[in-house]
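Please open the structure in your viewer and keep the sequence beside it, since this tour moves from one selection to the next. Each stop names what to select and then says what is there.

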Amino acid sequence: MEKDNKKLIENKEEKPEKIEECFICHKKFNINADDDSYYRNDKYPICAFCAEFYGFYR
């Protein structure tokens with residue numbers, strides 16, 4: 001059972017860290033982290049906090 005879990009972890013491809021600056025609050029963050037951060041209009045990076053706070057505009 002432990003071997004199966006190790007294989008899953010090893011086979012999981014992690015995205016490289018990509019640091020961006022939030023368009024709204026200017027905080028630096030990793031856009032590839034597994035959270036709500038995204039690119040607005042494929043151009044403007046939005047951090048997870050701002051994405052949640054201003055989510056009703058999406």
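In which strand does Glu 21 lie? Select Glu 21 in this predicted model, and you will find that residue in strand β1, which covers residues 19–21. Glu 21 counts as partly exposed, because its relative accessible area is 36% and the partly exposed class runs between 20% and 50%.

Keep Glu 21 selected and add Lys 28, whose side chain meets that of Glu 21 in a salt bridge with an N to O distance of 3.6 Å. Side chains of opposite charge can pair when their charged atoms come close. Lys 28 is exposed, with a relative accessible area of 58%. Now add Ile 31 as well: Glu 21 and Ile 31 are 10 residues apart in sequence, and their C-alpha atoms are 9.0 Å apart in space.

The count of salt bridges comes to two, and to see the other pair you can select Glu 20 together with Lys 18, whose side chains meet at 3.9 Å, N to O. Lys 18 is partly exposed, at 39% relative accessibility.

Step back to the whole chain before going further. The protein chain holds two helices and four strands, and when it is read along the sequence these follow the pattern α-β-β-β-β-α. Of the 58 residues in the chain, buried residues make up 19%.

Next, move to the loop between β1 and β2, where you can select His 26. His 26 has a positive phi of about 65°, although this residue is not a glycine, and with a relative accessible area of 52% it is exposed.

Go on to the loop between β2 (28–30) and β3 (38–40), which is the place of Asp 35, and select Ser 37 in that loop too. Which residue's side chain is joined to that of Ser 37 by a polar contact of 2.7 Å? The partner is Asp 35, and the contact runs between the two side chains. A polar atom of the Ser 37 side chain also lies 3.4 Å from the backbone oxygen of Ile 31. Is Ser 37 buried or exposed? Ser 37 is buried, because its relative accessible area is 11% and buried means under 20%. Asp 35, at 38% relative accessibility, counts as partly exposed.

With Asp 35 still selected, add Asp 34, Asp 36 and Glu 52, and these four residues show you a negative patch on the surface.

Then select Asp 42, which is found in the loop between β3 and β4 (44–46). Phi of Asp 42 is near 55°, a positive value in a residue other than glycine, and at 76% relative accessibility this residue counts as exposed.

For the last stop, select Phe 23, Ile 24, Phe 49, Phe 53, Tyr 54, Phe 56 and Tyr 57, which form a nonpolar patch on the surface with about 830 Å² of accessible area together. Within that selection, pick out Phe 56, whose place is in the segment after α2 (48–53). Phe 56 counts as exposed, because its relative accessibility is 62% and exposed means over 50%.

Technical notes
Residues numbered from 1 in each chain as written. Predicted model: local features only at pLDDT ≥ 70, side-chain atom pairs only at ≥ 80, totals over all residues. Heavy atoms only, no water. Patch = residues over 30% accessible without salt bridge, like charges linked within 9 Å, V, L, I, M, F, W, Y side chains within 5 Å. Areas by Shrake-Rupley, 256 points an atom, 1.4 Å probe, with all protein chains shown as cover. Lys, Arg positive; Asp, Glu negative; His and termini not counted. Charge placed at Lys NZ, Arg CZ, Asp CG, Glu CD. Buried < 20%, exposed > 50% of the residue type's maximum accessible area, 1.4 Å probe, protein only. Polar contact = N/O pair within 3.5 Å; in protein donor to acceptor, adjacent residues only side chain to side chain.
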